[in-house]
Amino acid sequence: MKKIESLAALAACVGQEVAVSDWVTITQEQVNRFAEATGDHQWIHVDVERAKAGPFGGPIAHGFLTLSLLPVFFESAFTIGDSRMGVNYGLNRVRFTAPVPVGSRVRARLTLQACEPIEQGGQQMTWAVVVEREGAEKPVCFAESLVRQYP
C-alpha cells in the first residue's frame, strides 16, 4: 500500500498513475450474494452448470459487481495522511470490456486525472480506473470515478 502524506501531495500527482490495488479473487458465493442484493439472477452468473455450456465456459461476475469493487481497490491501494474520509461522488464513464470468470483475480490501476478544491478544505478527484484480470490480455473494466476526500 502506498502512503501519501497529504491531500496537497496527492494533488501534485495529477496525470500520473498513483497506485495499483491488491488483487481480489471473485468467488461464486460473492456473485450469488450480489445477485441476491440486486435481483440480477441471469444464468451466466448464478447457474454454474448451465454457464459451463454458455458463451464464457463458466459463470462470470456481473459487470456491476466488478464496478462495486472500486472502494475496495482504492482502500487497498493507498492512504492519505491528512484525510479523515472519502466519499464516492459519481461516475462519468464506465465500460465493461471483457468478462470476469468466477475464480479469477482482479485489481485496479488508479491514475489521477484531475484534483479540484471543494468546501471544507476537501478535494474532488477524477480518477481513471483500469480494472485488469490476472493473466488476461485486456482490461475488464474502465471507469472514470469521482471521489471527494476531506481532511
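## Close-up views of a predicted model

**Figure 1. The side chain of Ser76 reaches the backbone oxygen of Phe73 at 3.3 Å.** This predicted model gives us a friendly place to start, with one serine and its partners. Ser76 is found in helix H6. The side chain of this serine also reaches the backbone nitrogen of Asp22, here at 3.0 Å. Setting aside neighbours within four places in sequence, Ser76 is in contact with Met1, Ser21 and Asp22. Is Ser76 buried or exposed? With a relative accessible area of 14%, Ser76 falls under the 20% cut-off and therefore counts as buried.

**Figure 2. The largest pocket holds about 390 Å³ of space.** Take a look around the walls: 16 residues line this pocket, and those closest to its centre are Phe74, Glu75, Phe78, Gly86 and Gln149. Two or more lining residues come from each of helix H6 (70–77), strand E4 (78–80), strand E5 (85–96), strand E7 (123–133) and strand E8 (141–150). Which element gives the most to the lining of the largest pocket? That is E5, with 4 residues. Sorted by class, the lining has 9 nonpolar, 5 polar and 2 charged residues.

**Figure 3. The second largest pocket has a volume of about 210 Å³.** Here 17 residues form the lining, and His45, Ile60, Ala61, His62 and Gly63 lie nearest the centre of the pocket. The elements that give two or more residues to this lining are helix H2 (28–38), helix H3 (43–46) and helix H5 (63–68). H5 gives the most, with 3 residues. By class, the lining of the second largest pocket divides into 11 nonpolar, 5 polar and 1 charged.

**Figure 4. Asp40 is found in the loop between H2 and H3.** Leaving out neighbours within four places in sequence, this aspartate is in contact with Ala35, His45 and His62. Two of those partners may look familiar from the previous view: His45 and His62 are among the residues nearest the centre of the second largest pocket. Asp40 and His62 are 22 residues apart along the chain, and their C-alpha atoms are separated by 8.4 Å. Asp40 has a relative accessible area of 31%, between the cut-offs of 20% and 50%, so this residue is partly exposed.

**Figure 5. The largest nonpolar core brings together 34 residues.** In soluble globular proteins, nonpolar side chains tend to be buried together. Within this core, Leu10, Phe78, Val106, Trp127 and Val129 touch the most other members. Strand E6 (residues 105–117) supplies the largest share of the core, 5 residues. Phe78 links this view to an earlier one, as a residue listed among those closest to the centre of the largest pocket. What does Val129 touch, not counting residues up to four places away in sequence? The partners of Val129 are Leu70, Phe74, Ala108, Arg109, Leu110, Cys141, Phe142, Ala143 and Ser145.

**Figure 6. The protein has 6 helices and 8 strands.** This last view steps back to place the close-ups in context. Read from the N terminus on, the elements run β-α-β-β-α-α-α-α-α-β-β-β-β-β. The C-alpha trace spans about 55 × 30 × 25 Å along its principal axes. Of the 151 residues, 41% count as buried. Among contacts between residues at least 6 apart in sequence, 71% join residues at least 24 apart.

Notes. Residues are numbered from 1 along each chain as its sequence is written. This is a predicted model: local features need pLDDT of at least 70, side-chain atom pairs count only at pLDDT 80 or more; totals for chains, interfaces and linings use all residues. Side-chain values use heavy atoms; hydrogens and water are left out. On a 1 Å grid over the protein atoms alone, a cavity is a set of points where a 1.4 Å probe fits but cannot get out, and a pocket is an open set with protein on both sides within 12 Å along at least five of seven lines; lining residues have an atom within 4 Å of a point. Grid points are joined across faces, edges and corners, and a volume is the space filled by probe spheres set on the points. Ala, Val, Leu, Ile, Met, Phe, Trp, Tyr, Cys and Pro count as nonpolar, Asp, Glu, Lys and Arg as charged, and the others, Gly among them, as polar. A nonpolar core is a set of buried Ala, Val, Leu, Ile, Met, Phe, Trp, Tyr and Cys residues joined through side-chain atoms within 4.5 Å. Buried means under 20% relative accessible area, exposed over 50%, partly exposed in between (1.4 Å probe, protein chains only). Contact means heavy atoms within 4.5 Å. A polar contact is a pair of N or O atoms within 3.5 Å; within protein, one must be able to donate a hydrogen and the other to accept it, and residues adjacent in sequence count only if both atoms are side-chain atoms.
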